[in-house]
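Me: Please take a close look at the charged side chains of this model and describe how they pair and where they sit. I should also like the account to cover the strands and loops around them.

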Amino acid sequence: MTLLYPFVAILALGLCTARAADQTPLELVATIPMPGVKGRIDHFAIDVKAHRLFVAALGNDTVEVLDVAGNRHEKSVAGFGEPQGLVHLPQSNRLFVANGSANRVDILDAATLSTVKRVERLDDADNVRYDAVGRKIVVGYGKGALRLMDANSADSAGEIRLAGHPESFQLEARGTRAFVNVPTAQHVAVVDRVKRQVTATWPVAGAMLVYDIDSGKIVAKLPIGGDTDDIFFDASRKRVYVICGEGRVDVFRQETADQYSLESSIKTAPRARTGLFVPEHGKLYVAAPSVGSAPARVLVYAVR
């Protein structure tokens with residue numbers, strides 16, 4: 001099995017052959033404005049059933065709520081401190097918001113968007129994931145740790161120490177490992193979520209790296225656009241979408257587990273470096289922050 005790694009994001013899971021222009025893998029089908037939103041935009045979460053997209057507007061200290069069925073801005077929720085990571089739990093209809101400058105995780109009722117609980121003393125709370133196997137919320141924070149919290153009570157369930165602040169991380173779906181990007185240590189930390197310890201570290205460099213997650217060996221290294229912050233694997237189409245802040249999405253096709261080819265580079269917008277691929281909707285959502293006279297917005301791409 002392989003692990004795909006750009007500089008700031010990793011995903012379990014490329015030699016470049018561009019496809020013809022009429023076979024573009026992504027088609028811009030809508031633009032959803034986010035009125036009044038200024039500054040950097042970080043990560044997303046989705047309520048698939050309700051067709052609501054939650055956007056962490058870090059520089060605006062808000063969470064923006066979008067109706068992606070009607071492609072419209074629904075609401076701006078204030079009261080956060082540099083919101084960075086988001087997770088929506090459909091079973092409880094709770095939205096977890098990691099706040100970087102406020103040093104906490106806020107838990108909201110996703111229906112009313114009211115705050116249910118706050119978990120304090122989580123310095124620089126950043127990325128957040130849901131561990132469905134262990135029924136835990138996992139938050140990267142501080143100078144180097146993953147905090148585990150009970151998904152129902154949000155009580156602490158322990159933590160895992162790391163060599164530096166964790167940026168993006170992914171959880172192994174059919175196992176107990178997590179793969180954590182630790183930029184200051186220049187490695188991916190392989191974490192056992194049950195033993196709560198680091199079991200291996202893999203060195204990293206620029207570009208997109210594909211790892212064999214059993215051996216830790218790099219099996220492919222591919223050039224990508226600059227300022228990358230989000231990457232997604234489309235299992236049904238065997239594609240990788242790399243969102244690059246220089247203003248494009250690089251789309252790679254998985255030929256084999258160890259071979260990838262550049263299918264296309266799709267122009268987006270300046271500093272558009274985060275987003276979310278929602279396979280249930282067949283859409284890739286890309287955040288475009290306000291730059292100059294251009295307002296903040298989410299670009300909606302249908303995958304083809």
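## Charged pairs and their setting

Reply: Lys117 and Asp155 are joined by a salt bridge between their side chains, with 3.4 Å from N to O. This pair connects distant parts of the chain: Lys117 belongs to strand β11, whereas Asp155 lies in the loop between β14 (145-150) and β15 (156-161), and the two are 38 residues apart. Lys117 has a relative accessible area of 31% and is therefore partly exposed. Asp155 is also partly exposed, because its relative accessibility is 43%, and the partly exposed class runs between 20% and 50%. The model is predicted, and every statement here refers to that model.

Side chains of opposite charge can pair when their charged atoms come close. Across the whole structure, a search finds 18 salt bridges, of which the Lys117 and Asp155 pair is one.

A second salt bridge to consider is that of Asp229 with Arg273, whose closest N and O atoms are 3.1 Å apart. Asp229 is part of strand β22 (residues 228-234), and Arg273 sits in the loop between β25 (259-267) and β26 (274-278), so the bridge ties together parts that are 44 residues apart in sequence. Here both Asp229 and Arg273 are buried.

Asp67 and Arg72 provide a further case, their side chains meeting in a salt bridge at 3.2 Å from N to O. The two members fall into separate classes of exposure. Asp67 counts as buried because its relative accessibility is 15%, and the limit for that class is under 20%. Arg72, at 43%, counts as partly exposed.

Charged residues can also be linked beyond a single pair. Arg104, Asp106 and Arg118 form a network of salt bridges.

The account now turns to acidic residues outside such pairs. Asp61, Glu82, Asp123 and Asp124 make up a negative surface patch. A residue counts towards such a patch with over 30% relative accessible area and no salt bridge. Asp123 has a relative accessible area of 44%, which is why it is classed as partly exposed. Asp123 is placed in the loop between β11 (114-119) and β12 (128-131). Strand β11, which holds Lys117, is thus one of the two strands that flank the loop of Asp123.

On the other side of β11 lies the loop that connects it with β10 (104-109), and Leu113 is found there. The phi angle of Leu113 is near 65°, a positive value in a residue other than glycine. Leu113 is buried because its relative accessibility is 9%.

Another acidic residue, Asp227, occupies the loop between β21 (218-222) and β22. Strand β22 is also where Asp229 lies. Asp227 counts as partly exposed because its relative accessibility is 41%, whereas Asp229 is buried. Asp227 and Gly247 are 20 residues apart in sequence, and their C-alpha atoms are 9.1 Å apart in space.

The last region to describe centres on strand β17. Strand β17 (residues 177-182) is mostly covered, with five of its six residues buried. Strand β16 (residues 169-171) pairs with β17 in the antiparallel sense over three bridges, and the two strands form a hairpin with five residues between them. On its other partner, strand β18 (residues 187-192), β17 also pairs in the antiparallel sense, over six bridges. Ala178 of β17 is the bridge partner of Leu171, and Ala178 also stands opposite Val191 in β18. In a regular strand the side chains alternate between the two faces of the sheet.

The hairpin of β17 and β18 has four residues between the strands, and its turn includes Gln186. Gln186 shows a phi near 55°, a positive value in a residue other than glycine. With a relative accessible area of 57%, Gln186 is exposed, because that class begins over 50%. The contrast with the mostly buried strand β17 is clear from the cover of that strand, where five of six residues are buried.

Arg177 and Thr199 are 22 residues apart in sequence, yet their C-alpha atoms lie 9.1 Å apart in space. Thr199 is in strand β19 (residues 197-203), and Thr199 counts as partly exposed because its relative accessibility is 46%.

Notes: Residues are numbered from 1 along each chain as its sequence is written. This is a predicted model: local features need pLDDT of at least 70, side-chain atom pairs count only at pLDDT 80 or more; totals for chains, interfaces and linings use all residues. Side-chain values use heavy atoms; hydrogens and water are left out. Patches are made of residues with over 30% relative accessible area and no salt bridge: like charges are joined within 9 Å, nonpolar side chains (Val, Leu, Ile, Met, Phe, Trp, Tyr) within 5 Å. Accessible areas come from the Shrake-Rupley method with a 1.4 Å probe; for residues, only the protein chains shown count as cover. A salt bridge is a side-chain nitrogen of Lys or Arg within 4 Å of a carboxyl oxygen of Asp or Glu. Lys and Arg count as positive and Asp and Glu as negative; His and the chain ends are not counted. The place of a charge is taken as NZ of Lys, CZ of Arg, CG of Asp or CD of Glu. Buried means under 20% relative accessible area, exposed over 50%, partly exposed in between (1.4 Å probe, protein chains only). Two strands pair if DSSP finds at least two bridges between them.
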